[in-house]
Amino acid sequence: MRDDRFETCPTDVIRATPERVWELLTNPARFDWLGVKVIEPPARDLAVGDHLRFGPAPGLRLSWTVLSVEPLRTLELDIKVPLGIRNHEIIVVSPVGVDSSRVTFN
């Protein structure tokens, strides 16, 4: 049987505090950086059980289900994209110095 799975773990250090990074990751009003439209987002920060739908292009839909939240540290998502593709994503934010953060997507 052929196994088409692959793993990747992009990590980068950015010049932003963990608080700022966390705001961009969990506040749907700030999701403009994603480049996609959120359909009916919650009017608060993300919480466990939230289900978000995105509309990046006509007929193409993405969705996130929030599985766990450890404020300022981890955000765990179940991401669904077309063609039955799913991604179990864990985003980890770690402070680096006083004004930077390491952000890892697992």
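**Entry 1: a pocket**

I started with the second largest pocket, and I found its lining made up of P10, T11, D12, I14, V21, L24, L25, W33, V103 and F105. Three elements each give two or more residues to that lining: β1 (11-14), α1 (18-26) and β7 (100-105). I then sorted the lining by class and got eight nonpolar residues, one polar and one charged. For the space inside this second largest pocket, I noted about 160 Å³. A reminder to myself: this is a predicted model, and I read every entry here with that in mind.

**Entry 2: the chain as a whole**

Next I stepped back to the overall layout. How many helices and strands does the protein chain have? I looked it up and found one helix and seven strands. Reading from the N terminus, I wrote the order down as β-α-β-β-β-β-β-β. The protein chain has 106 residues, and 30% of them are buried. I also checked the accessible surface, which comes to about 7100 Å², with 55% of it belonging to carbon and sulfur atoms. For contacts between residues at least 6 apart in sequence, I saw that 28% join residues at least 24 apart.

**Entry 3: W64**

Then I picked one residue to follow. I located W64 in strand β4, which covers residues 60-70. Is W64 buried or exposed? Its relative accessibility is 11%, and the cut-off for buried is under 20%, so W64 counts as buried. I listed its contacts, skipping neighbours within four places in sequence, and got F31, L34, L46, D50, H51, L52, F54, L77, D78 and I79. One of these, D50, I looked at again: D50 and W64 are 14 residues apart along the chain, and 8.0 Å separates their C-alpha atoms.

**Entry 4: aromatic rings**

F54 was on that contact list, and I wanted to see how its ring sits against W64. A search of the whole structure gave me three aromatic pairs. In the pair of F54 and W64, the ring centres are 4.8 Å apart and the planes meet at 55°, so I noted the pair as tilted. This pair links distant parts of the chain, as F54 belongs to strand β3 (residues 51-57) and W64 to strand β4, ten residues apart. I checked F54 for burial too: its relative accessible area is 2%, so F54 is buried. Which residues form an aromatic cluster with W64? I found F31 and F54 joined with W64 in one cluster, and both F31 and F54 also appear among the contacts of W64.

Notes. Residues numbered from 1 in each chain as written. Predicted model: local features only at pLDDT ≥ 70, side-chain atom pairs only at ≥ 80, totals over all residues. Heavy atoms only, no water. 1 Å grid on protein atoms, 1.4 Å probe; cavity = no way out; pocket = protein on both sides within 12 Å on 5 of 7 lines; lining within 4 Å. Points joined across faces, edges and corners; volume = space filled by probe spheres on them. Helix = DSSP H or I, 4+ residues; strand = E, 2+ residues; numbered from the N terminus. Nonpolar A, V, L, I, M, F, W, Y, C, P; charged D, E, K, R; others polar. Buried < 20%, exposed > 50% of the residue type's maximum accessible area, 1.4 Å probe, protein only. Contact = heavy atoms within 4.5 Å. Phe/Tyr/Trp six-rings, centres within 6.5 Å; stacked < 30°, edge-to-face > 60°. Areas by Shrake-Rupley, 256 points an atom, 1.4 Å probe, with all protein chains shown as cover.
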